[in-house]
Amino acid sequence: MSTLHYNIAIIGAGAAGLHLALAMYNDPYFRDHRILILEKSAKDQNDRTWCFWEKGEGLWDDLIQHSWPQGDFFYKDNTVPLALTPYRYKMLRSIDFYEFAKKKILSGSMFHWVEEDVQSVTNETPIQINGLKTVYTADIVFDSRIPNEFMQTKDSYTRLLQHFKGWVIRTNYDAFDTDRFTIMDFRLGWPETTSFTYVLPLNKREALVEFTLFTSSLLQKNDYEQVLQNYIRKYLKIQEFEIVEQEQGVIPMSDFPFEKYSNGNHIHIGTGGGWVKPSTGYSFKNCERNSRKLIENLKLKRPLNVGLHKRKFRIYDTLFLDILYRQNEFGPELFNTMYTKISVQTIFAFLDDQTNFKQDLFILSRFPRKPFLISIFKKITQRWNRS
Ligand SMILES: Cc1cc2nc3c(=O)[nH]c(=O)nc-3n(C[C@H](O)[C@H](O)[C@H](O)COP(=O)(O)OP(=O)(O)OC[C@H]3O[C@@H](n4cnc5c(N)ncnc54)[C@H](O)[C@@H]3O)c2cc1C
């Protein structure tokens, strides 16, 4: 086996790896660097759609499949219309992002992209990356793999799964309002769980309809499909439709301290770095923000992990997640309280970790206190037992 040395290696060219590589591509600071990208798959499939909210124009607007200025939230007989301005809710197909990023990166002479399945990383200086085919070394490694410790569930961290199945359906008549999307519809769920459907109209005759659960275990394949069928007929009032595309996935929702498994110049990124918002499962915008932060730290020669995680919001996420874990059937009520009593702009800012303490107090005061107090007590006890 030969050994090849690079200044920087990025393991995994998914959302996080590509955000980071694109940010390096756009920064002249990296022009004289040798940057290795190790990705085990061809990245030629549309394996997910990414949705996120954003104020005004954003970096990926040329790639956006559709965006919406308005939405609706549904729970029982309560409908909350959401006027998002100055935000828009945007949707991006992953294949468009992969192709765009790959084309750019391959045109940059500082990058070397190798299809390689990384087996292990050893924290020597320089850091050694053991691939199936080759051994590489690098001064800095950004690693999208999920730390093995996360899989060992014998600890007291909360682990929920966000799991979902979605269909892009097509009708032979105009069935959708392309200016409105459904962010969460709890009217038809899986009994005693936090589960909902969302609807993203792509044009007047096509929409992505996705049934999603925040629970501890997965359903059978047919169960997701049964709910989708029922939802489309009962709430979208569509009897005849064609399924054009399908999407299925699982996202970990956890307060596991991923950042502890990064050390020195070996930094976990993306899901494996704890960049998925534990209480919502969103991470696309975190990949953009954290890539910017990592580059800033690198250029200023600061410890690379500085400023990636905001402690205050980690605490809120931990509590919210614990309530969903203990009382999963209570989730719909919680989200209903949130969308009914708090403006969508404040919710988006809060979920983006952008609110100040006064706003946080306003938000927290809208929720019933008891479940939060129980979770605070439980988490303090667990922390005490761990230390
Ligand atoms: C179906 C689906 C839909 C989602 N929708 C949204 C959404 O709407 N909005 C949102 O904000 N978030 C969403 N998420 C959550 C999150 O944004 C994505 O999971 C995101 O892709 C995470 O980025 P990542 O880089 O950590 O992982 P990935 O994008 O999965 O990338 C990891 C990459 O590493 C590669 N890799 C793994 N192991 C190795 C190895 N040993 N050697 C080499 N390469 C390796 C993989 O092949 C992959 O390309 C969704 C997730 C899923 C699964």
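**Exercise 1. Decide whether Lys-43 is buried or exposed, and describe its place and backbone.**

Lys-43 has 20 other C-beta atoms within 10 Å and is therefore buried, where buried means 20 or more other C-beta atoms within 10 Å of a residue's own, exposed means 12 or fewer, and partly exposed lies in between, with C-beta atoms placed from the backbone. This is a predicted model, in which local features need pLDDT of at least 70 and side-chain atom pairs count only at pLDDT 80 or more, while totals for chains, interfaces and linings use all residues. Residues are numbered from 1 along each chain as its sequence is written. Next, locate Lys-43 in the loop between β2 (35-39) and β3 (49-55); strands are DSSP runs of E with at least two residues, and helices are runs of H or I with at least four, numbered from the N terminus. Finally, phi of Lys-43 is near 55°, a positive value in a residue other than glycine.

**Exercise 2. Carry out the same steps for Lys-237: is it buried or exposed?**

Begin with the backbone, where phi of Lys-237 is near 60°, again positive in a residue that is not glycine. Then find Lys-237 in the loop between α4 (221-234) and β16 (242-254). With 8 C-beta neighbours inside 10 Å, Lys-237 counts as exposed.

**Exercise 3. Determine how the axes of helix α6 and helix α10 are placed.**

Two packed helices are described by the angle between their axes and the distance between the axes. The axes of α6 (residues 311-326) and α10 (residues 369-386) come within 9 Å and cross at roughly 105°; such axes are lines fitted to C-alpha atoms, for helices over the stretch in contact, and angles run from 0 to 180 degrees between N-to-C directions. The two helices are therefore roughly perpendicular to each other, given that angles under 35 degrees count as roughly parallel, over 145 as roughly antiparallel, 65 to 115 as roughly perpendicular and the rest as oblique. As a last step, list the residues that meet: Thr-318, Leu-319, Asp-322 and Ile-323 in α6 face a set in α10 that includes Pro-371, Phe-372 and Ile-376, a contact being C-beta atoms, placed from the backbone, within 7 Å.

**Exercise 4. Find out how many residues of α10 are buried.**

Of the 18 residues of α10, one is buried, so the helix lies largely in the open.

**Exercise 5. Which residues does Leu-20 touch?**

Leu-20 belongs to helix α1 (residues 15-25) and counts as buried, with 28 C-beta neighbours inside 10 Å. Leaving out residues up to four places away in sequence, Leu-20 touches Ile-10, Phe-142, Ile-269, Ser-291 and Leu-294.

Terms used: Contact = placed C-beta atoms within 7 Å.
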